[in-house]
Amino acid sequence: MHVTIYSDGASRKNPGPAGAGAVLVDEEGNVLEELAKYLGIATNNQAEYQGAILGLEKALEIGVKRVRLRADSQLMIKQIRGEYRVKNPALKPLYDRVMTLLSRFEGYDPPEHIRREQNREADAQANRAIDEYERDRQEAS
């Protein structure tokens, strides 16, 4: 099975409350998974990587053999493609995790940078994670 992973991260205040989101879509365009995860305090770039990790881990979990990663973070995509070095020490372990996960698939297409408008569903999941955490926190107080 070949799956496209749309991933995104969001951070309010950068760094601030952050969320990761991913949407997995099959070859026919059917949504297989919509994922959202609250990250705590993180930068936007850290959240972007966490979105990719979230999607890649789920793809492996459901038995996907080949993936295509798409994201609106030009920095992350260029780093994964080897076009930019990872200079920020906080991003290095996240980059390493993405590369390890990609190596576990039978194959993957070169990661692709897409415009924000093409990534709305993953963005919505990243923001949903933050919104739900903040709502739950307010209800508990």
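Alanine 10 sits in strand β1 of this predicted model. Its relative accessible area is 8%. Buried means under 20%, so alanine 10 counts as buried. What surrounds alanine 10? Leaving aside neighbours within four places in sequence, alanine 10 is in contact with Pro17, Ala18 and Gly19. Asn44 and Ala47 also touch alanine 10, as do Ala126, Asn127 and Ile130. Glutamine 125 is 115 residues away from alanine 10 in sequence. In space, the two C-alpha atoms are 9.4 Å apart.

Now to the interior. The largest nonpolar core has 27 residues. Ile5, Tyr49, Leu56, Val67 and Val98 touch the most other members. Two or more residues come from each of β1 (2–11), β2 (16–25), α1 (44–61), β4 (66–71), α2 (74–80) and α3 (92–103). Helix α1 gives the most, with six residues. In soluble globular proteins, nonpolar side chains tend to be buried together.

Take tyrosine 49 from that core. Leaving aside neighbours within four places in sequence, tyrosine 49 is in contact with Met76, Gln79 and Ile80. The list continues with Val86, Leu91, Leu94, Tyr95 and Val98. A second, separate core has five residues. Among them are Tyr6, Val23, Val25 and Ile114.

Finally, the surface. Methionine 1 lies in the segment before β1. Is methionine 1 buried, partly exposed or exposed? Methionine 1 is partly exposed, because its relative accessible area is 47% and that class runs between 20% and 50%. Met1 forms a nonpolar surface patch with Leu32 and Ile62. Together the three have about 230 Å² of accessible area.

Methods: Residues are numbered from 1 along each chain as its sequence is written. This is a predicted model: local features need pLDDT of at least 70, side-chain atom pairs count only at pLDDT 80 or more; totals for chains, interfaces and linings use all residues. Side-chain values use heavy atoms; hydrogens and water are left out. A nonpolar core is a set of buried Ala, Val, Leu, Ile, Met, Phe, Trp, Tyr and Cys residues joined through side-chain atoms within 4.5 Å. Buried means under 20% relative accessible area, exposed over 50%, partly exposed in between (1.4 Å probe, protein chains only). Helices (H or I, at least four residues) and strands (E, at least two) are DSSP runs, numbered from the N terminus. Contact means heavy atoms within 4.5 Å. Patches are made of residues with over 30% relative accessible area and no salt bridge: like charges are joined within 9 Å, nonpolar side chains (Val, Leu, Ile, Met, Phe, Trp, Tyr) within 5 Å. Accessible areas come from the Shrake-Rupley method with a 1.4 Å probe; for residues, only the protein chains shown count as cover. A salt bridge is a side-chain nitrogen of Lys or Arg within 4 Å of a carboxyl oxygen of Asp or Glu.
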